[in-house]
Amino acid sequence: VAERRQVRVDPILDERQAREVIYLSILPNLLLSLHPDYVMTHVMTPLGVDRTHVECAWAFPKEALEKPDFDPSYAVDFWDLTNRQDWGACESVQRG
């Protein structure tokens, strides 16, 4: 029987990395946003030629989630606003 061990890796970000966001597109329908303090995913599911369901999810470090005052709204609210603006722009371009 193989032994399983959990290894904790504490990332050390320099000043520049602490301000960077890395965006990855994994075809056919997954977008990853790697932020210094959380990871966000967008999963897009086509519903028809004119409709797409977009589901967003956030993953925060365990240490952040365990804090009694943890509030993810700074990320959720920001992306809700940003996504709605982006979707409106995309829809406008598609209409011509």
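These are my notebook entries on one predicted chain model, covering its fold elements, its core, its main pocket and a few single residues.

**Entry 1: layout**

I began with the secondary structure and found 2 helices and 4 strands in the chain. Read from the N terminus, the order is β-β-β-β-α-α, so I put the strands ahead of the helices in my notes. I then looked up how contacts are spread along the sequence. Among those between residues at least 6 apart, 15% join residues at least 24 apart.

**Entry 2: surface and burial**

I noted an accessible surface of about 8300 Å² for the chain. Carbon and sulfur atoms hold 56% of that area. The chain has 96 residues, and 12% of them count as buried.

**Entry 3: the nonpolar core**

Which residues make up the largest nonpolar core? I listed 5: Tyr38, Met40, Phe60, Ala75 and Trp79. I followed Ala75 further, setting aside neighbours within four places in sequence, and recorded contacts with Tyr38, Trp58 and Phe60. Of these partners, Tyr38 and Phe60 are also listed in the core.

**Entry 4: the largest pocket**

I put the volume of the largest pocket at about 700 Å³. Its lining has 22 residues, and Met44, Thr52, Val54, Trp87 and Cys90 lie nearest the centre. Which elements supply at least two residues each to this lining? I found strand S1 (22-26), strand S2 (30-34), strand S3 (39-48), strand S4 (51-59) and helix H2 (73-95). Helix H2 gives the largest share, 8 residues. By residue class, I sorted the lining into 10 nonpolar, 7 polar and 5 charged.

**Entry 5: Ser33 and His35**

I looked next at two residues around the end of S2. Serine 33 is in strand S2, while histidine 35 is in the loop between S2 and S3. Is serine 33 buried or exposed? I entered it as buried, because its relative accessibility is 3% and the cut-off for burial is under 20%. Histidine 35 also falls under that cut-off, with a relative accessible area of 14%, and is therefore buried.

I then listed their contacts, not counting residues up to four places away in sequence. Serine 33 touches Ile22, Tyr23, Tyr38, Val39, Met40 and His42. Tyr38 and Met40 from that list are members of the largest nonpolar core. Histidine 35 touches Glu20, Val21, Tyr23 and Trp79. Tyr23 thus appears for both residues in my notes, and Trp79 is another core member.

**Entry 6: the loop between S1 and S2**

I checked the peptide bonds here and found the one from leucine 27 to proline 28 to be cis, with omega near 15°. Proline 28 sits in the loop between S1 and S2, and asparagine 29 lies in that loop as well.

How exposed is asparagine 29? Its relative accessible area is 26%, so I marked it partly exposed, the class between buried (under 20%) and exposed (over 50%). I also looked up what it packs against beyond four places in sequence: His42, Val43, Met44 and Thr45 are in contact with asparagine 29. For valine 43, which is 14 residues away along the chain, I noted a C-alpha separation of 5.8 Å from asparagine 29. Met44, another partner of asparagine 29, is one of the residues nearest the centre of the largest pocket. His42 had already come up as a contact of serine 33.

Conventions:
Residues are numbered from 1 along each chain as its sequence is written. This is a predicted model: local features need pLDDT of at least 70, side-chain atom pairs count only at pLDDT 80 or more; totals for chains, interfaces and linings use all residues. Side-chain values use heavy atoms; hydrogens and water are left out. On a 1 Å grid over the protein atoms alone, a cavity is a set of points where a 1.4 Å probe fits but cannot get out, and a pocket is an open set with protein on both sides within 12 Å along at least five of seven lines; lining residues have an atom within 4 Å of a point. Grid points are joined across faces, edges and corners, and a volume is the space filled by probe spheres set on the points. Ala, Val, Leu, Ile, Met, Phe, Trp, Tyr, Cys and Pro count as nonpolar, Asp, Glu, Lys and Arg as charged, and the others, Gly among them, as polar. Buried means under 20% relative accessible area, exposed over 50%, partly exposed in between (1.4 Å probe, protein chains only). Contact means heavy atoms within 4.5 Å. Accessible areas come from the Shrake-Rupley method with a 1.4 Å probe; for residues, only the protein chains shown count as cover. A nonpolar core is a set of buried Ala, Val, Leu, Ile, Met, Phe, Trp, Tyr and Cys residues joined through side-chain atoms within 4.5 Å.
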